[in-house]
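Grab a pencil and work through a few short exercises. Each one sets a task, and a worked solution follows step by step.

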Amino acid sequence: MTTDHLPDVSRSPHRGRPRDAARDRALMDATLAELQANGYSGLTTAAVAKRAGVSTATLYRRWRSKEDLVVGAARAWAEDLGPDRDTGDLSSDLSALLHDKAAALDGPSGRLLRAVLGEAAHNRALADVLVDQFVMPLQERVGAVLDRATRRGEIPPVEDALVVGEMVIGPMVSHTFLIPHTPGSRPGVDMAERLLPYLLRALGAATAPVPEAAAGRG
């Protein structure tokens with residue numbers, strides 16, 4: 001993921017010299033690093049400015065408060081699931097989606113999400129941007145995958161595609177963020193592979209594979 005697409009969350013029209021994209025990028029990089037190191041409660045605009053190598057005045061010309069800065073970072077590091085690839089098969093489409101989600105959780109967007117989830121519970125502005133930039137892209141892609149599978153006759157019509165999206169988000173996030181893992185492991189990929197057969201069975205796919213662990217217990 002890149003930060004070439006950077007937000008302007010200023011509430012007033014910008015005046016004076018044009019904004020420097022390199023400084024914006026440095027500030028977003030620094031915000032993510034400070035969030036990882038200290039969390040939302042421990043983040044200060046002074047520390048972000050120092051890490052980015054700019055003055056606090058430069059930071060405040062771009063973002064008027066700590067909240068604006070973090071909301072801007074959430075937009076800058078918005079989850080990039082990559083293109084929705086139509087493979088012609090529900091299992092392959094879902095597998096690609098799950099692995100793309102795993103890659104996102106392992107990357108900058110996942111690190112930011114981990115750092116701000118607690119604050120979002122009581123910060124409406126941050127919660128709204130997380131829904132817009134992290135939840136809705138996945139929900140839209142899930143909806144497209146299910147629509148194609150229904151048209152191909154692989155599954156019956158899905159009454160509530162949003163629930164299916166939650167069935168992806170919940171296990172992937174909880175397994176990656178809440179369960180201790182060996183350093184260097186890839187928990188997102190592990191859950192992507194384990195979750196796929198259960199999603200297929202829940203959707204009523206005719207040839208949903210049985211997980212190896214379950215098959216071994218039979």
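## Exercise 1: Does the length of H9 add up?

Task: compare the span that H9 should have with the distance between its end C-alpha atoms.

Solution. Start with the count: H9 has 17 residues, and at 1.5 Å a residue they should span 24 Å. The multiplication uses one less than the number of residues. Next, take the end C-alpha atoms of H9, which are 24 Å apart, so the two values agree. Keep in mind that this is a predicted model.

Now look along the helix. H9 bends by about 35° at Leu 195, and Pro 197 is a proline that follows within four residues. Right after H9 comes Gly 204, with a positive phi near 80°.

## Exercise 2: What does H9 bury, and against what?

Task: list the buried residues of H9, then find which helices they pack against.

Solution. First, go through the helix from its start: Pro 187, Gly 188, Val 189, Met 191 and Ala 192 are among the buried residues. Further on, the list also includes Leu 195, Leu 196, Pro 197, Leu 199, Leu 200 and Leu 203. Then check the partners: the buried residues of H9 pack against H5, H7 and H8.

One contact list ties in here. Leaving aside neighbours within four places in sequence, Leu 90 is in contact with residues including Leu 200 and Leu 203. Val 145, Ala 149 and Arg 152 are also among the contacts of Leu 90.

## Exercise 3: Zoom out to the whole chain

Task: describe the chain by its helices and strands, then find its largest nonpolar core.

Solution. Count the elements: the protein chain has 10 helices and 0 strands. Next, see how much is tucked away: of its 218 residues, 43% count as buried. Then turn to contacts with a separation of 6 or more, where residues 24 or more positions apart account for 66%.

Now for the core. The largest nonpolar core has 57 residues, and Leu 90, Leu 94 and Met 172 are among those with the most contacts inside it. H1, H2, H4, H5, H6, H7, H8 and H9 each supply at least two residues of this core. The largest share, 9 residues, comes from H7.

## Exercise 4: Put H6 and H8 side by side

Task: check the length of each helix, then see what its buried residues pack against.

Solution. Begin with H6: its 13 residues reach 18 Å from first C-alpha to last, close to the 18 Å expected. A kink of about 35° in H6 is centred on Arg 114. Buried residues of H6 include Leu 112, Leu 113 and Val 116, and the buried set packs against H1, H4, H5, H7 and H8.

Then take H8: 17 residues reach 24 Å, close to the 24 Å expected. Among the buried residues of H8 are Val 164, Gly 165, Val 168 and Met 172. Its buried residues pack against H5, H6, H7 and H9.

## Exercise 5: How do H1 and H4 cross?

Task: give the angle and the hand of the crossing, then name residues that meet there.

Solution. The axes of H1 and H4 come within 10 Å and cross at roughly 115°. The crossing is left-handed. On the H1 side, Met 28, Thr 31 and Leu 35 are among the residues that take part; on the H4 side, the residues include Leu 69, Gly 72 and Ala 73.

## Exercise 6: Buried or exposed?

Task: are Thr 45, Gly 72 and Gln 139 buried or exposed?

Solution. The cut-off you need is that buried means under 20% relative accessible area.

- Thr 45, in H2, has a relative accessible area of 12%, so Thr 45 is buried. Beyond its neighbours within four places in sequence, Thr 45 is in contact with Thr 56, Leu 59, Tyr 60, Lys 66 and Leu 69.
- Gly 72, in H4, is at 0%, so Gly 72 counts as buried. Gly 72 and Leu 126 are 54 residues apart in sequence and 9.4 Å apart in space, C-alpha to C-alpha.
- Gln 139, in H7, is at 7%, so Gln 139 counts as buried. Gln 139 and Val 164 are 25 residues apart in sequence and 8.3 Å apart in space, C-alpha to C-alpha. Contacts of Gln 139 include Ala 161 and Gly 165.

Conventions
Residues numbered from 1 in each chain as written. Predicted model: local features only at pLDDT ≥ 70, side-chain atom pairs only at ≥ 80, totals over all residues. Heavy atoms only, no water. Buried < 20%, exposed > 50% of the residue type's maximum accessible area, 1.4 Å probe, protein only. Contact = heavy atoms within 4.5 Å. Core = buried A, V, L, I, M, F, W, Y, C linked by side-chain atoms within 4.5 Å. Bend = angle between axes of the 7 residues up to and from the residue. Axes fitted to C-alpha atoms, helices over the stretch in contact; angles between N-to-C directions. Left-handed = near helix turned anticlockwise from the far one by under 90°.
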